[in-house]
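Student: I have a two-chain complex to go through. Can we take it in short questions?
Tutor: Yes. Look at it first, then ask.

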Amino acid sequence: MKNKVLSAMVLVLGLSVTAGMADARGSSVESGREKAAVCMGCHGQDGNSPADLWPKIAGQVPEYFIKQLLDFKAGRRVNDQMAPLVEMLSEQDIRDLAAFFATQRASAVEEVADRKVAHGERIYLKGAGRGPAAVTACVGCHGQRGEGSRNWSNVYVTPPAVLAPAIGSQHPSYIAAQLRAYKARTRKNDVGEVMRTIASRMSDEEIEAVAAYVATLRP
Amino acid sequence: MHRQSDTRTPCRASGLARICGAAALLTSPLASAGETIRDPAQGWDELWRAVLLDITIIGVLFALVTAWFLVRYRRRSSDEEGRGPVLSSAAAVGWVVVPMFVFLADDLYIAANGWSLWNAYREVPADRLEVQLEAGMYSWDYTYPNGVKTQNLLVVPAGKAVMLRMTSRDVVHSHFIPDFRVKEDSMPGRVTYLWFLPREAGREHVVTCTEYCGVMHSYMAGKVVVKSPAEFEAWLQEQERLQQVGTHAGEQDPRVAQQAAAGQPL
C-alpha cells in the first residue's frame, strides 16, 4: 500500500516536471540563432537539412522541439548522434533553439514518389481500416497543411501534454523511419502511446504512402 | 420539402396555438434581407430560467409541506397509535386531481414552449451561409462554399444565419457552441446539421466536442470568429487566394455536397 502511494506520488511529480519543462516561454530567437551554429552541420542553415538522413527542423512546434531535445538528454528518446550534442545544451539553450527554428519555414521536397501520394492522401485525410485496427486520420492533429498543432486554435492557455509536430514537407524517408520506429517500439517517447498505437496498425505500404503525401504538404 | 419558408408558424395548426404564441415571443427576431430570422438562442435561456424557477418553487413548496406534516403529525407519546385521515370521496378525488392538473398544466406549458422553440430551430433561414464540417479525431475541418478549408476555426459574418452540414470521418463527435446554444452530433455515414445566428462582429466563441471520442477528446476544441460582413468577404477572398482553391477540388463528402446542391436542410 505504502509503495503504491509512493509510486503514485513519484509519477505525479514526474509528470508535473515534464509538463513544466516543455514550456517555450522565456526564450529568445536571436540567441537561438547564435546557438544554432552547432545544429547547422546536419540540419542546415535554416533548419532544412540537405540530406534526408537528418530531419528538417524548420518550423517545428517549439514545445515539441523542446520535449524531443529533453528526451534525448534524458534517454527517453534514443539516438547516438543526438545524445552527446544535446548533452552540451542547457534548458535555456534548448528553449532558444526551439524559438529560432520555429521562425523558419520547411523547404519543399523536390522528389516525391508520385504513385504513392494518392494512397497517402487518403490515409492522411480519412484514416484507414475499421474497428479496433483503424488508423486515425493524421489531419486531425497534424493539420491540413502538416503544420502540427500545439493548442487547437489557441483555445487553451497552456498547450496540452500531447503535441502534434509539424510534419509537412519533411523528408519522406525520415517520416517513414519514425513510423517504423514507433511500430517496432524502438521509439517510445510519444505521450499516451498515441503514435505507437497508430503506427502499429499501419502496413509498410501505408507508411511509405503517408510519408510521400506528407512530403507534398506545405505548412 | 422546403422548410425554410419563414412566415409559417410551426404550431399554427396545433391546439396549443396560444401557448405557441407565447413561445414565439421567446424567439428574438432579426430582420435581414427581406426575411425575419427567428433565432431560438435567447428562448432557450428563458426556458431554462423558467424551468429553474419552476422546480425551485415546487421544490421549496413540497419541502415546506413535508416539514409541516412531520411536525403536525408527529408521535406525541411512545404508545400513540396513528389513524388514517377521514376524507369524503369528493375531497379525496379533489386532492388527487386538482394538484395533478395544476402541475401538469405547468409542465405542459414549459414542454410546449420547448417544442415551439425546437420547431423554430428546425426552420433554417433561407438566407444563410452554409459550411460543411467534417469532424474527426481530433479536429473540426470546415469547408466553405468556395472550397476554402479551415481547421478548428470557423469564421462567420455577423448578422447572417450560419448552417453547418456535418459528418464524421471516424467516430461520433458532437459540435457544441455554448454561446449560441447549439449542439449536434456529427456521425460517420450520416449528415446532420445545426445553425446559429452570430450577431456581434469582433467576438470569439469556443467550440468544443461533447461526445467522448477518444484519448484526446478533451483537447478537441476550436473557435467561431465573428467578423463584419465586409471583413468576412475580404477574409474569404484572401483565403481563396492563399489556398489556391481549385487545385484541391473534389475533396468534399459526396453525400454532403449532394444534399447541399438540393438545398435540403435535412
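Student: In this predicted model, which hand does the crossing of H9(A) and H11(A) have, left or right?
Tutor: Start with the two elements. H9 spans residues 172-184 of chain A and H11 spans residues 204-216 of chain A. Where H9(A) passes H11(A), the crossing is right-handed.

Student: How are H9(A) and H11(A) oriented to each other?
Tutor: Their axes lie 8 Å apart, and the helices pack at an angle of about 140°. Over 145 degrees would count as roughly antiparallel. H9(A) and H11(A) are therefore oblique.

Student: Which residues of H11(A) meet H9(A)?
Tutor: Take the H9(A) side first: Pro172(A), Ile175(A), Ala176(A), Leu179(A) and Arg180(A). The residues of this contact divide into nine nonpolar, no polar and two charged. The partners in H11(A) are Ile207(A), Glu208(A), Ala211(A), Ala212(A), Val214(A) and Ala215(A).

Student: What pattern does chain A follow along the sequence?
Tutor: Chain A has 11 helices and zero strands. Of its 219 residues, 42% count as buried. Read along the sequence, the pattern is α-α-α-α-α-α-α-α-α-α-α.

Student: Of the contacts in chain A with a separation of 6 or more, what percentage joins residues 24 or more positions apart?
Tutor: Count the contacts in chain A with a separation of 6 or more. Within that set, residues 24 or more positions apart account for 70%.

Student: How many residues does each chain give to the contact between chain A and chain B?
Tutor: The predictor gives the complex an ipTM of 0.82 and a pTM of 0.79. The contact takes 17 residues from chain A, and from chain B 18.

Student: Which element gives the largest share of the side of chain B that touches chain A?
Tutor: The elements of chain B that give two or more residues to this side are strands S4 (139-143), S5 (149-151) and S12 (221-227). The residues of this side divide into eight nonpolar, five polar and five charged. The largest share is three residues, and it comes from S12(B).

Student: Over which residues of chain B does pLDDT stay under 50?
Tutor: Chain B averages a pLDDT of 84, and 79% of the residues score at least 70. Where pLDDT is low, the predicted coordinates should not be read in detail. One stretch under 50 has 36 contacts beyond four places in sequence: residues 1-24 of chain B. Another has one such contact: residues 247-251 of chain B.

How values were computed. Residues are numbered from 1 along each chain as its sequence is written. Chains are lettered from A and ligands numbered from 1 in the order in which they are written. This is a predicted model: local features need pLDDT of at least 70, side-chain atom pairs count only at pLDDT 80 or more; totals for chains, interfaces and linings use all residues. Two residues are in contact if their C-beta atoms, placed from the backbone, lie within 7 Å. Helices (H or I, at least four residues) and strands (E, at least two) are DSSP runs, numbered from the N terminus. Ala, Val, Leu, Ile, Met, Phe, Trp, Tyr, Cys and Pro count as nonpolar, Asp, Glu, Lys and Arg as charged, and the others, Gly among them, as polar. A residue is buried if 20 or more other C-beta atoms lie within 10 Å of its own, exposed if 12 or fewer, and partly exposed in between; C-beta atoms are placed from the backbone. pLDDT is the predictor's confidence in each residue, from 0 to 100. Axes are lines fitted to C-alpha atoms, for helices over the stretch in contact, and angles run from 0 to 180 degrees between N-to-C directions. Angles under 35 degrees count as roughly parallel, over 145 as roughly antiparallel, 65 to 115 as roughly perpendicular and the rest as oblique. A crossing is left-handed if the near helix is turned anticlockwise from the far one by less than a right angle, and right-handed if clockwise.
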